[in-house]
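Subject: Structure for you to look at

Hello,

Here is the structure I said I would pass on. Please open it first, then read the notes below it.

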Amino acid sequence: MRVAIAEYGAGNVRSVALAFARLGAEVDGDVAGADLAVLPGVGSARAAMAGLRERGLDEALRERVAEGRPVLGICLGLQLALDESDEDGGVEGLGLLPGRAVRLRDGRVPRIGWAPVDEGDAFYFAHSYAAETPAATAWSEGIVAEARAGTFVGVQFHPEKSGAAGARYLAGVLGSCLSRV
Amino acid sequence: MPLPRLIPCLDVAAGRVVKGVNFRGLRDVGDPVELGAAYSDRGADELVFLDVAATVEGRPTLVDLVRRVAGRLAIPFTVGGGVRAVGDAEELLAAGADKVAVNSAALARPELVTQLAGRLGSQAVVVAIDATQGRVQTRAGTTATGRDAVEWAREAEARGAGEILLTSIDADGTRDGYDLPLTRAVADAVTVPVIASGGAGEARHVADALEVAQAALLASILHENPDRLGSLRDELRELGVPVRDAA
């Protein structure tokens, strides 16, 4: 199983690579060719979108989804997949998921820490914006935790930082890529 | 709100985890890679690594050691000590840190917090405040600044800090309990999460801190016996604190 991480010059991609390597995947940067492409997310929406465009990764990710091949977006990677984000005064997204990213209004922001997803395992979140989307498939404290459209799946939490529960989640994503063949 | 967090803290000097009392009399308590892995495996909610000698020795953080610790973790990882510029922070994130903690350099140049938040996002920027009698100390607690801790926390938040890590030098290593009045004053003054630090000796202390702050830093109480993390979690649950089930 080959997993490619879309690197756009910001944030910690090493933890994502390590998490997939622990599950036995080969990890590289071949976004077009890999069995699964991962859009990680740390940093600000505007800088991240600019980084994706500079490297042609926006088109590569859209093509993968158009061809029915899997893409996983993590945290900002979920928000970038939406039509747009309110962050940084408004940023156009990849349009892989319907909806927009809006600033969190309740509680302490950034929302940082472990929180249960759909009354199940707790996962680690660290975010100031969240998705508003009709494509939500899991929730955490009223916030979209996972959303899916076609072969794109996005998660607001960080499975690569969520201990045993996170590893189980990523193993499930890899398993669903295998079963697509 | 997310669950209250238990965060073991590795204070590192000369490549080893050390612990003192009131920031003095540091003694060796173990290997950072082994201790970090032990805490990650035992259900710590995050790990903090502070290179306590970097600023005083005038050198950057031990990036290679950070990389080795990060390689063994499946939980969020905050690294601080010696971060003086955005480039230092980016190097630490590339080595596997999720957040950077800034202290002395941010006090000297508060615009560093603005720059870090702009580049890395607020969620990756922790401003660490060491205080005694409500006043901020800098350079690993060696130098007084005269600044009020609450006022500095407010400014740090306004500049984009995503969390405040508040250490009471008076309580540090004493195992007599956290400085609750100071922690409450800072938590009331900001809307970002606050991590209470310094003074944990028993579960009751941690439970009290988590009434006020969103996370509790743990060091002396754990390092001699990392398994204590599991029993501490059980005791906290009995005290009604909804800590994470890490199974």
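Helix H4 (residues 86-94) of chain B and helix H6 (residues 111-120) of chain B have axes that come within 10 Å and cross at roughly 40°. That angle makes H4(B) oblique to H6(B). Please keep in mind that this is a predicted model.

The crossing of H4(B) and H6(B) is right-handed. On the H4(B) side, the residues that meet H6(B) are B:Val86, B:Ala89 and B:Leu93. Their partners in H6(B) are B:Gln115, B:Leu116, B:Arg119 and B:Leu120. Sorted by class, the residues of this contact of H4(B) with H6(B) are five nonpolar, one polar and one charged.

There is a second helix pair to look at in chain B. Helix H9 (residues 203-212) of chain B packs against helix H11 (residues 228-238) of chain B at an angle of about 60°, and their axes are 9 Å apart. H9(B) and H11(B) are therefore oblique to each other. The crossing in which H9(B) passes H11(B) is right-handed.

Which residues of H9(B) meet H11(B)? They are B:Ala203, B:Val206 and B:Ala207, and in H11(B) they meet B:Leu232, B:Glu235 and B:Leu236. The contact of H9(B) with H11(B) has five nonpolar residues, no polar ones and one charged.

If you wonder about the choice of numbers, two packed helices are described by the angle between their axes and the distance between the axes.

Regards

Technical notes: Residues are numbered from 1 along each chain as its sequence is written. Chains are lettered from A and ligands numbered from 1 in the order in which they are written. This is a predicted model: local features need pLDDT of at least 70, side-chain atom pairs count only at pLDDT 80 or more; totals for chains, interfaces and linings use all residues. Axes are lines fitted to C-alpha atoms, for helices over the stretch in contact, and angles run from 0 to 180 degrees between N-to-C directions. Helices (H or I, at least four residues) and strands (E, at least two) are DSSP runs, numbered from the N terminus. Angles under 35 degrees count as roughly parallel, over 145 as roughly antiparallel, 65 to 115 as roughly perpendicular and the rest as oblique. A crossing is left-handed if the near helix is turned anticlockwise from the far one by less than a right angle, and right-handed if clockwise. Two residues are in contact if their C-beta atoms, placed from the backbone, lie within 7 Å. Ala, Val, Leu, Ile, Met, Phe, Trp, Tyr, Cys and Pro count as nonpolar, Asp, Glu, Lys and Arg as charged, and the others, Gly among them, as polar.
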